[in-house]
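Trainee: Please pick one helix of this model and go through it closely. After that, place it in its surroundings.

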Amino acid sequence: MSAKEAILARVRAALADVPADEPLERAPDRAHLDSHGVGPTLDVLEDRLIDYKALVHRTPADRVGEEIAAALARRGARRVVVPPALPGEWLAGTGIETLTDSREEPLTVRELDASDGVITGCAVAIAETGTIVLDGGPDQGRRAITLVPDYHLCVVRADQVVDGVPQGVRLLDPARPLTWISGPSATSDIELNRVEGVHGPRTLEVLLVEAAT
Amino acid sequence: MSDATFLGMPPFPEAARTAVKDSRLRYNLRKATHTIRDKRAHVVDEMGDDWARLRTEGAAVKTHTLRHLDRYLEQLEASVSRAGGHVHWASDAAEANRIVTALVKATGETDVVKVKSMATQEIELNNALAAEGITAYETDLAELIVQLGNDLPSHILVPAIHLGRAQIREIFLEQMAEWGTPAPPGLTDDPRALAEAARAHLRERFLRTRTAISGANFAVADSGTLVVLESEGNGRMCLTLPQTLISVVGIEKIVPTWDDLEVFMQLLPRSSTGERMNPYTSTWTGVTPGDGPQEFHLVLLDNGRTDVLADTVGRQALRCIRCSACLNTCPVYERTGGHSYGSVYPGPIGAILTPQLRGMGSEVEESLPYASSLCGACYEVCPVAIDIPEVLVHLREEVAEGHGHLGEKTLMAGAEAVFSSSTALGAVQRAAGLGRTLVPRHLPGLAGAWTDTRDVPDVPAESFRRWWNEREREEGR
């Protein structure tokens, strides 16, 4: 008997008490809330990101390029990694040197490590937990590019932000590789106090793009 | 190199007696468990009544999954395979270690990086790999501290919880050079400096190593997705940069659907690190061409889990999502620390999981159901509502029925008139004084020596816990 057959046989024997006609389909009891309504969505997201020691700026849509240029200048970043399809207007006029990474033509980890940072968009953001989710879309790129550089500048549009975790989960496609990011890399392993900055980017800067009014 | 093992550890009372005399250990544990307890309480309270609903649903999803585990395991295998992953089945630790060793050897690598994983600790994978000339580098900060110190993990979430910053600094200064990049000579015990030293120590390792080993917090049957929650980014490094990824996952880690994560991604971070969300969560489904590992192996591990499943009372222990809230709140754990439990699963959950996974084969397992005052705090904080006291009492019955735990046997003999059967004993233990404590004149196990020279006080009419809760309720009116 293979290990698989043996394990499944043991599982079935262990479950002898379960009625044979107990349905496999279970109607989930989603009695819980979609979110815990603690304030205007963008305000909550900003508050939670700051709580995690991320840098946060809010900007109207027509000023994203200027804000990116300003952030990179503050950081002193000259050579930044970008995914294959960042909106053109985000970088227009910044004069920044970009290193484009794609699945077809990936940069090496050494090149990523030597860069001054990375700029991406995101798939979804969850206000209540201060979480930004990347799904490898064309404005986000391979998982490695938001991991190896020490600085991540992430642009989040207001229409990508939901209030609670359930709403976020339902918008995501599990077939894509997902990275949920809640603040910069951190650890609680020393006396259970949180310290920011371990292996992932030690600085996370977020541009919240407000909807045009 | 590390060869630490839990094999041959003394039973709980003996180990605990040594541990409670260690004042530095008591100080470290008290500080850490109280910090995390307060943080958890804060982020759970802000969920209001919804926490109870999430907890109920979390328990229900896990219970349902366990009752149909065969079907979900087959579904998971199909989903992972369809997405380009390879699925292996391991009946026990030896088989899992053989599979992983062979997979690593097939890559031609002799170094692997590891994400913190309870399953691989349980099967002592690192020792098995070392025996075959493969070095496993732990990358989680606390696991790194334990590995460098040739120590054993003492907590599910923070394996080095028993160590304070000054001890960690010493370990880094003395051991890092032997394993790779040395610690900076002027290293202080500031947690920031220690985290920075870990970053520098592991950086090159991450960029260079081509094979990684992980566990998983969840495996989603319908989509074939694996989920790892972490904080530092070491998980992302291991799950993203290498060519080959091998994940060792207990068969109880399954949830049926992707949407079930909306429940668990709320329950787990708040219960474990006391954060609204942990810094990083990675999910992957098989292989994504051009992004991340191009070869993925999932090793499904039984290693005693089907024995736990066969016990209709003890089965609920398999709902555990390894948050460690029960450890952090437990008055016994706070005083004895994790090593006393003689297993990678310490604390209240360990006291019910270890004897069930391993069987009541030795004094270590037989003593564990007694490593509790049955105060019930663990049940209250459990995000999937495992009634740990119920299982503890159930296991005590088993010990008493079997060849027996010495203390309990003495008790049984002396109290035959009252406790004519183990069932009655169980009922009394649950109900004594309307609380949950049975206090015989001579305590079994840990407290036995104490009662050699003293009588135990009478059982109060109600337990402190119950009195306190009633009092709070009345004041709230």
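Mentor: What follows starts with one helix and works outwards.

This is a predicted model, in which local features need pLDDT of at least 70, side-chain atom pairs count only at pLDDT 80 or more, and totals for chains, interfaces and linings use all residues. Residues are numbered from 1 along each chain as its sequence is written, while chains are lettered from A and ligands numbered from 1 in the order in which they are written.

The helix is α10 of chain B, residues 191–208. Helices (H or I, at least four residues) and strands (E, at least two) are DSSP runs, numbered from the N terminus. From first C-alpha to last, the 18 residues of α10(B) reach 26 Å, close to the 26 Å expected at 1.5 Å a residue; the expected span is 1.5 Å times one less than the number of residues. Even so, α10(B) has a kink of about 40°, centred on B:L202. The bend at a residue is the angle between axes fitted to the seven residues ending there and the seven starting there.

B:L202 is also among the buried residues of α10(B), together with B:P191, B:L194, B:A195, B:A197, B:A198, B:R199, B:H201 and B:F206. A residue is buried if 20 or more other C-beta atoms lie within 10 Å of its own, exposed if 12 or fewer, and partly exposed in between, with C-beta atoms placed from the backbone. The cover over these residues comes from both chains: it includes β10 (186–187) and β11 (195–196) of chain A, and β2 (111–114), α8 (141–148), α9 (165–179) and α11 (234–240) of chain B.

The two chains also share a sheet. Eight strands form an open sheet of mixed pairing, in the order β8(A)-β5(A)-β6(A)-β9(A)-β9(B)-β6(B)-β5(B)-β8(B). Its edges are β8 (161–162) of chain A and β8 (254–255) of chain B, each of which pairs on one side only. Strands pair if DSSP finds at least two bridges between them. At the chain A end, β5 (residues 124–126) and β8(A) are parallel and joined by two bridges, with A:I126 opposite A:V162.

Chain A, which supplies part of the helix's cover, has six helices and twelve strands. Its radius of gyration is 21 Å, well over the 17 Å that the globule rule gives for 213 residues, so chain A is more spread out than a compact globule. That radius is taken over C-alpha atoms, and the rule is 2.2 Å times the number of residues to the power 0.38. The C-alpha trace spans about 70 × 45 × 40 Å along its principal axes, and buried residues make up 46% of the chain. Of the contacts in chain A with a separation of 6 or more, 73% are between residues 24 or more positions apart; a contact requires C-beta atoms, placed from the backbone, within 7 Å.

In chain B, the domain assignment gives domain 1 (47–301) and domain 2 (319–476); such bounds come from an automatic or database assignment. Between them, 21 residues of domain 1 are in contact with 16 of domain 2. On the domain 1 side, α3 (50–67), α6 (118–122) and α12 (261–272) each supply at least two residues.

For comparison with α10(B), consider α19 (residues 388–401) of chain B, whose 14 residues reach 20 Å, close to the 20 Å expected. Twelve of those 14 residues are buried, so α19(B) is largely enclosed by the rest of the structure. Among them are B:H394, B:R396, B:E397 and B:E398.

Some loop residues of chain B deserve a check as well. Most residues other than glycine have a negative phi. B:N303, in the loop between β10 (295–301) and α13 (305–310), has a positive phi of about 45°, and counts as buried with 21 C-beta neighbours inside 10 Å. B:L374, in the loop between α17 (363–367) and α18 (377–381), has a phi near 55° and is buried with 23 other C-beta atoms within 10 Å.

B:P293 lies in the loop between β9 (280–285) and β10 of chain B and is buried, with 22 C-beta neighbours inside 10 Å. Leaving aside residues up to four places away in sequence, B:P293 touches B:P242, B:Q243, B:T244, B:L245 and B:V287. Its C-alpha is 9.1 Å from that of B:A212, 81 residues away along the chain.

Definitions and conventions
Two residues are in contact if their C-beta atoms, placed from the backbone, lie within 7 Å.
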